[in-house]
Amino acid sequence: MREAVASNPATPADALQMLVADHKPAVSWAVAMNPSPLARPIAIAASDARTRELAAARDDVDAEDLRRLVSDPVRSVREQVADVTTSGELARALAQDEDPRMRGRIIHNPALPVEDVERLAHDPVAAVRSSAAASRRLAPETLAMLAVDRSAVVRWNVLVNNPERLDLARLIADDSDEMNSRQAAAQLASPRDFTAFLGPIDLVD
């Protein structure tokens, strides 16, 4: 019954404020998904992280809400912000997050300026550099640098996400990692099989 009331758009703000603190998570989550505009700020301020995460995914979430959540102590909430924000300012804030999983995630948000993607291509954490290598937003010289990265996973992401770069595939064809070298050989043998997802695109020899 409390969950049903929490979901009802006609429920007043004072009742939603009480329900968002309910001991049953489903009730708090129902407040976050309640379409009433009264529910959004209440859910954004909830003590339960999943409630805040659901609130960040609302269609009516605004820039001020996301600005509040960009420094949320729970990573899953910040991840939701990373997925939905269209603000370059907030994307740049997340690109400096202490958690490398956040830095890697925000790379795939087009709101992040390309200069920040370039900076993250030099990140000390291989998983972040891998995300940058997969972004298709890096300058040719940055990709060339990552093609000889110390991490085999980074080199793999350069290879499979930039299949038109036959010059880089040739470098990786001699890779110490067998999976990388085999993939590079396959891409060099039949490059158009691997560039089809990109549409008509020139090969780079």
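Here are legends for a few close-up views of this predicted model.

**View 1. The largest nonpolar core and its best-connected members.** This core has 40 residues, and the ones touching the most other members are Leu94, Ile106, Ile107, Leu112, Leu138, Leu146 and Val158. Helix H5, residues 49-56, gives the most to it, with four residues. A separate core of ten residues lies apart from this one, and Leu16, Val20, Val27 and Ala46 are among its members.

**View 2. Leu146 and its contacts from elsewhere in the sequence.** Skip the neighbours within four places in sequence, and Leu146 is still in contact with Ala121, Arg129, Ala133, Leu138, Val154, Arg155 and Val158. Leu138 also shows up with Leu146 on the list of core residues that touch the most other members.

**View 3. Helix H5, wrapped up by its surroundings.** Seven of the eight residues of H5 are buried, so the rest of the structure largely encloses this helix. The buried ones are Ala49, Thr51, Arg52, Glu53, Leu54, Ala55 and Ala56. They pack against helices H3 (25-33), H4 (39-44), H6 (63-69) and H7. Right at the start of H5, a side-chain oxygen of Asp48 comes to within 3.4 Å of the backbone nitrogen of Arg50.

**View 4. H5 alongside H7.** The axes of H5 and H7 (residues 75-84) come within 8 Å and cross at roughly 5°, so the two helices are roughly parallel to each other. On the H5 side, the contact is made by Ala49, Arg52, Glu53 and Ala56, and H7 brings in Ser76, Val77, Gln80 and Val84. Sorted by class, that gives four nonpolar, two polar and two charged residues.

Technical notes: Residues numbered from 1 in each chain as written. Predicted model: local features only at pLDDT ≥ 70, side-chain atom pairs only at ≥ 80, totals over all residues. Heavy atoms only, no water. Core = buried A, V, L, I, M, F, W, Y, C linked by side-chain atoms within 4.5 Å. Buried < 20%, exposed > 50% of the residue type's maximum accessible area, 1.4 Å probe, protein only. Contact = heavy atoms within 4.5 Å. Axes fitted to C-alpha atoms, helices over the stretch in contact; angles between N-to-C directions. Parallel < 35°, antiparallel > 145°, perpendicular 65-115°, else oblique. Nonpolar A, V, L, I, M, F, W, Y, C, P; charged D, E, K, R; others polar. Polar contact = N/O pair within 3.5 Å; in protein donor to acceptor, adjacent residues only side chain to side chain.
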